[in-house]
Amino acid sequence: MSATDDGGNPRRGLTGWLGRLRSPLAAGGDATAGAAAGVGAVVDSALLDAVVSGLPDPVVVLEQDGRVISFNAGAAALAPALRRGDLASIALRMPELIEAIRAARATGKPQRIEFSARIPSVRWSEAFVAPIPLADRGVVVITVHDLTPIHRVEAMRADFVANVSHELRTPLAALTGFIETLQGPARDDPAARERFLGIMRDQAWRMARLIDDLLSLSRIELRAHQRPDKPVDLVPIVHQVADGLQTLARDREVTIEVDAPSEPMMVLGDRDELIRLFENLIENGLKYGASGKRVEIKFDRVAAADGKSEARVAVRDYGPGIAAEHLPRLTERFYRVDVGESRAQGGTGLGLALVKHILNRHQGRLTIDSKAGEGATFSVRLPLS
Ligand code: ADP
């Protein structure tokens, strides 16, 4: 079939596209007009509806005079009042879109517009309104494309850059301040110089750590879809991390107790990333849960939903815990319960985001159980190999 196959038929000129497309297959179709339009019209309508319904984006096809010829489920979801044969302007509530249809019909030129809706949630869309000239009358095709995911990614990126800049600016401002003090008022004060240099070293170290965490995050993200394929044993990894954190534990007067099984716990993993993961969790227990005086690490094997076995490593502290409202957001980049405390502990706000990304790559997951005042348990689950 082509749009011009019998464009010379005078009956077609009278009925227009809607008349030609009215068929027994059309919702509310008029059987008499369908019969009058003949077999060709039945095929036209069914084919047009089939093509439109197969398109992934909302699509509405209009007659030259603005009446609806066909639309798909996506369009019906956007504009529930759409009816075949009705004027599109009745059903489409977006004034920008109605204006674009008018302009497309008047000028014969395709139009593109962006619009947003706030109900039920904020969504951004772009619509293409294409007037398609055909032998007799032509049609107007409206395609709507959802821009919401792109807008969200853009907002996240802008947010991320703002956060990173802020995180770097704070220690940088401290460094500049102390340099000026050392050049000026504290020039001849050896005690103050010693103290300020110590603070400056901590601030520089914090900046280095932030950059390190940012680079690790982007490296892990780049490899997000490459599943690690080397068998590694979790038990020595956790022991190694716990041993490496003994100095910090002594500083904070916290003991680390590792309750490890005698047999290996093999997973397919990236050793360095798993070390990083347990470092972050155990270090958080030592930093934020120091008042509880001990951090416990327990291993066990659990059944996953699909019946396969998983390794579970739980890192538990007995510190102040975390109030329920913070739990869902803890793995967001730069989210902290208490920004001042995190900074005082040398935190970057990226530790748990790193943990989440490492686990995603390993097809594992993290659960956090905590009640304010009762410590916190961070449990890591990884598929056993
Ligand atoms: P940070 O670099 O700030 O430690 P994380 O992503 O590792 O960043 O942790 C985010 C926040 O979660 C911390 O700032 C802290 O408020 C909270 N948190 C993490 N672990 C614990 C814990 N064991 N007990 C209490 N709060 C914790």
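**Close-up views of a predicted model**

**View 1. V59 finds its bridge partner in β5, and that partner is T143.** The picture comes from a predicted model, so keep that in mind while zooming in. Zoom out a little from V59 and T143, and you have strand β1, residues 59–63, lying alongside strand β5, residues 139–146. The two strands run antiparallel, and 5 bridges link them.

**View 2. The sheet that holds β1 and β5 is an open one, built from 5 strands.** Read across it, and the order goes β2-β1-β5-β4-β3, with antiparallel pairing. Which strands stand at the edges? They are β2 (68–71) and β3 (111–117); each has just a single partner strand, so one side of each goes without a neighbour in the sheet. On average, neighbouring strands here are turned by 20° against each other, ignoring direction.

**View 3. Helix α5 lies across four strands of the model.** This helix covers residues 95–107, and the strands it crosses are β1, β3, β4 (123–132) and β5. How does α5 run relative to β3? The angle is about 170°.

**View 4. The ligand sits in a shell of 21 residues.** If you want to pick out the closest ones, go for R336, V337, S342, G347 and G351. Sorted by class, the shell splits into 8 nonpolar, 10 polar and 3 charged residues. Which helix gives the most to this shell? That's α10, with 4 residues. Helix α10 spans 271–288, and both α10 and α12 (351–361) supply at least two shell residues each.

**View 5. Stepping back, the whole protein has 12 helices and 12 strands.** Of its 385 residues, 29% count as buried. What about contacts between parts of the chain that are apart in sequence? Take contacts between residues at least 6 apart in sequence: 56% of them join residues at least 24 apart.

**View 6. Here's the confidence picture: the mean pLDDT of the protein is 88.** A pLDDT of 70 or more is reached by 89% of the residues. Two stretches deserve a look of their own. Over residues 1–14 the pLDDT is below 50, and this stretch has 14 contacts in the model beyond near neighbours in sequence. Residues 23–39 also have a pLDDT below 50; for this stretch the model shows 31 contacts beyond near neighbours in sequence.

Key: Residues numbered from 1 in each chain as written. Predicted model: local features only at pLDDT ≥ 70, side-chain atom pairs only at ≥ 80, totals over all residues. Pairing = 2+ DSSP bridges. Axes fitted to C-alpha atoms, helices over the stretch in contact; angles between N-to-C directions. Contact = placed C-beta atoms within 7 Å. Near = placed C-beta within 6 Å. Nonpolar A, V, L, I, M, F, W, Y, C, P; charged D, E, K, R; others polar. Buried ≥ 20, exposed ≤ 12 C-beta atoms within 10 Å, placed from the backbone. pLDDT = per-residue confidence, 0-100.
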